[in-house]
Amino acid sequence: MSEETPKPKLSEVAERLYKLFHGNQRSVGQFNPDSGKVHTLDRAPVVADFVAHLKGAVGVGVVPIYDDATCSWAALDIDNHGETTDIPIIPLEAKVVALGLPLVLCRSKSGGIHAYAFFAEPMPTTRVRALMAEWSKKLGHEGCEVFPKQSKLHRQASGALSLGNWINLPYMGGRETIRYAVNAGQKIDLLEFLDLADSRKSTPKSLTQMVTSQYTNCPPCISHIMAGVATEGNRNEALFNTTVY
């Protein structure tokens, strides 16, 4: 009889979650479940924040955009706009699968949905925001919030970069969470979510192939700009040709 695989320690799981949602190192968001209040600390997120998050003591929020205008993950924040009923997550997940989008859907604390995209390496935020906005249209939620909320962080009057906007992360409370992910129409636990997120990490090549496959009948310069990979030398021509097309 084979021995059962030992369960990982809470700190080990927290570290996996921390690495998956690695973001800007100049601030971290916190959510107090007792008061419902949020605040921002001027320091980097640490694994201990994620331990507290999984225990349900203090929720953690991370700013996805780095100072160099790249990001390792992104999210669509599909809000239920104060409705008393949650947005149905199973039908939306089925739509994600049907469209072949590399998104992982999680219930948000307000009854909405966070649709996450994860990347194998940091991606230009401008390109990521354009892709996420396009995917929100395909999912029928055009105009929802896109994180990162900025294409780049701007300089303040003091000369320091702005902090950016953080988003509440899933699985606060661990097993007792209401911020769970779904896969194949079923609620999944945290370890399953981490494995799923790792399996759906996109590479620059896979994103380009996925986008350009939708424009197989158009000229190469147009398919490249639709994928966000037009070069400086032919960007103006590609934009002109895209408009004509």
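User: In which loop is the place of P148?

Analyst: In this predicted model, a cis peptide bond joins F147 and P148, with omega at about 5°. F147 is the last residue of strand β7 (145-147). The place of P148 is in the loop between β7 and β8.

User: In what order do the four strands form the open sheet?

Analyst: The edge strands, each pairing on one side only, are β2 (38-41) and β8 (167-168). β1 and β3 pair over three bridges, and β3 pairs with β8 over two bridges. The pairing is antiparallel, and the order is β2-β1-β3-β8.

User: How many bridges join strand β1 to β2?

Analyst: Strand β1 covers residues 28-31 and runs antiparallel to β2. Within this pair, G29 stands opposite T40 in β2. The number of bridges joining the two strands is four.

User: Which residue of β8 is the bridge partner of G61?

Analyst: On the β1 side of β3, the bridge partner of F31 is G59. β3 also pairs with β8, in the antiparallel sense and over two bridges. There, the bridge partner of G61 is N168.

User: Are the residues on the two faces of β3 buried or exposed?

Analyst: On one side of β3 stand G59 and G61, and on the other V60 and V62. Buried means under 20% relative accessible area. Both faces of β3 are covered, and these four residues are all buried.

User: What angle does the direction of helix α2 make with that of β3?

Analyst: Helix α2 comprises residues 47-55 and packs on the sheet. The strands touched by α2 are β1 and β3 (59-62). The direction of α2 makes an angle with that of β3 of about 130°.

User: How far apart are the axes of helices α1 and α5?

Analyst: Helix α1 spans residues 10-20 and helix α5 spans residues 190-199. Their crossing is left-handed, and the two helices pack at an angle of about 35°. Their axes are apart by 11 Å.

User: How many nonpolar residues does the contact of α1 with α5 have?

Analyst: From α1, the contact is made by V13, R16, L17 and L20. From α5, the residues are L190, L191, F193, L194, D195, A197 and D198. By class, three are charged and no polar residue takes part, while the number of nonpolar residues is eight.

User: Which residues are linked with R16 in a network of salt bridges?

Analyst: R16 of α1 and both D195 and D198 of α5 belong to the helix contact. The side chains of D198 and K201 meet in a salt bridge at 3.5 Å, N to O. D198 is partly exposed at 36% relative accessible area, and K201 is partly exposed at 35%. The residues linked with R16 in the network are D195, D198 and K201.

User: How many residues apart in sequence are the parts that R26 and D67 tie together?

Analyst: R26 forms a salt bridge with D67, the closest N and O atoms being 3.0 Å apart. R26 counts as partly exposed at 25% relative accessibility, as does D67 at 39%. R26 lies in the loop between α1 and β1 and D67 in the loop between β3 and β4, so the pair ties together parts whose separation in sequence is 41 residues.

User: Does D49 count as buried or exposed?

Analyst: D49 forms a salt bridge with R43, and the closest N and O atoms are 2.9 Å apart. R43 counts as partly exposed, at 31% relative accessibility. The relative accessibility of D49 is 9%, and the limit for burial is under 20%. D49 therefore counts as buried.

User: How many salt bridges does a search of the whole structure find?

Analyst: Side chains of opposite charge can pair when their charged atoms come close. The salt bridges include R26 with D67 and D49 with R43. A search of the whole structure finds a number of salt bridges equal to seven.

User: What is the phi of A69?

Analyst: A69 is found in the loop between β3 and β4 (70-78). At 21% relative accessibility, A69 counts as partly exposed. Although A69 is not a glycine, its phi is positive, at about 65°.

User: Is A184 buried or exposed?

Analyst: A184 has its place in the loop between β9 (181-183) and β10 (186-188). A184 is not a glycine, yet has a positive phi of about 55°. With a relative accessible area of 65%, and a cut-off of over 50%, A184 is exposed.

Definitions and conventions:
Residues numbered from 1 in each chain as written. Predicted model: local features only at pLDDT ≥ 70, side-chain atom pairs only at ≥ 80, totals over all residues. Heavy atoms only, no water. Pairing = 2+ DSSP bridges. Contact = heavy atoms within 4.5 Å. Axes fitted to C-alpha atoms, helices over the stretch in contact; angles between N-to-C directions. Left-handed = near helix turned anticlockwise from the far one by under 90°. Nonpolar A, V, L, I, M, F, W, Y, C, P; charged D, E, K, R; others polar. Buried < 20%, exposed > 50% of the residue type's maximum accessible area, 1.4 Å probe, protein only. Salt bridge = Lys/Arg side-chain N within 4 Å of Asp/Glu carboxyl O.
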